[in-house]
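Here are some notes for a first look through this one. Have the viewer open while you read, and take the points in any order you like.

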Amino acid sequence: MQQDELMVATNRTNLTQHDLWRCAVILTFEVESGTMGFILNQPVSNITPHQLTGMYRVGEMPVSRIWCGGPQMTERCTVLHSPDYANADTRPITQQASITFNRDIIRDIREGQGPRHYKIMLGFCQWESGQLDAELTRGVWHTVGWRRTAWSNYKRKDKMWRRIIESESVMRSHEFMDSVWSAGETGSR
């Protein structure tokens, strides 16, 4: 995978029994042991920001939707955010996103001084070296370039997925028409 690409579930994935992967949009990044990522469109409905405040003791959490980043370590909470914010504990993961979790970012978000875009994530996804490449080859996932839609807070999981698929389809059709048009101009000379 390229830096700043999103993985989106394919129809093959959407037919599986596991709801977590259906219509998933995942931001991935390379780590030493393989690939990690965060599902960007899986809301968590049974935990509130108030409950997270008590669980993590980092000060009052901002009122925000909570997202399930993946099936690994769901007890771990991370703030995925745009790169316009950084403190000593911030780790850039792509050109479009960084991760941080400490009292400072929580306070800064509450006070309006945090990142422009953020998502409070519980858990993450992880693939061993070569595992994700095999899934991509089998057609489990499709990769697309980064979309600002990834920061959206849609209530329904499939809405972000549909928006990204639709924009990818439009972009690909424009590329195809441009190539046909260019070929026609070259042939007429």
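1. Start with what sits against helix α3: its buried residues pack against β5 (72-81), β7 (98-100) and β8 (118-128). Do keep in mind that this is a predicted model. The helix runs over residues 103-110, and the buried ones are I105, I106, D108 and I109. They lie on the same side of α3, because the arc they cover around the axis is only 165 degrees.

2. Now look at the two ends of that helix. At the N-terminal end, N102 acts as the cap of α3, with a side-chain oxygen 3.0 Å from the backbone nitrogen of D104. Just past α3 comes G112, and its phi is positive, about 80 degrees.

3. What does the side chain of N41 reach? One partner is the backbone oxygen of C23, at 2.7 Å, and another is the backbone oxygen of K157, at 2.9 Å. N41 belongs to the loop between β3 (34-39) and α2 (49-56). Despite that loop position, N41 is buried, with a relative accessible area of 2%. If you skip residues up to four places away in sequence, N41 touches C23, A24, V25, W67, K157, M160 and W161.

4. C23 deserves a stop of its own. Its phi is positive, about 55 degrees, although C23 is not a glycine. You'll find C23 in the loop between α1 (11-14) and β2 (25-31). With a relative accessible area of 15%, C23 counts as buried, since the cut-off is under 20%.

5. M73 also has a positive phi without being a glycine; here the value is near 50 degrees. This residue is in strand β5. Is M73 buried, exposed or partly exposed? Its relative accessibility is 38%, so M73 counts as partly exposed.

6. A word on the cysteines. A disulfide is a covalent bond between the sulfur atoms of two cysteines. How many disulfides does the structure hold? The count is zero. C77 is buried, at 5% relative accessibility, and C23 is buried too, at 15%.

7. C77 turns up again in the largest pocket, where the lining residues are F29, M36, F38, R76, C77, T78, D89, R91, I99, T100, F101 and F124. Two or more residues of that lining come from each of β3, β5 and β7. Which element gives the largest share? That is β5, with three residues. The volume of this pocket is about 190 Å³. While you are there, recall that β5 and β7 are among the strands that the buried residues of α3 pack against.

8. Last, have a look at S129, in the loop between β8 and α4 (131-137). S129 is exposed, with a relative accessible area of 67%. In sequence, S129 and S33 are 96 residues apart, yet their C-alpha atoms are 6.2 Å apart in space. Setting aside neighbours within four places in sequence, the contacts of S129 are S33 and G34.

Definitions and conventions
Residues numbered from 1 in each chain as written. Predicted model: local features only at pLDDT ≥ 70, side-chain atom pairs only at ≥ 80, totals over all residues. Heavy atoms only, no water. Buried < 20%, exposed > 50% of the residue type's maximum accessible area, 1.4 Å probe, protein only. Helix = DSSP H or I, 4+ residues; strand = E, 2+ residues; numbered from the N terminus. Arc of directions from axis to C-beta. Contact = heavy atoms within 4.5 Å. Polar contact = N/O pair within 3.5 Å; in protein donor to acceptor, adjacent residues only side chain to side chain. Disulfide = S-S within 2.5 Å. 1 Å grid on protein atoms, 1.4 Å probe; cavity = no way out; pocket = protein on both sides within 12 Å on 5 of 7 lines; lining within 4 Å. Points joined across faces, edges and corners; volume = space filled by probe spheres on them.
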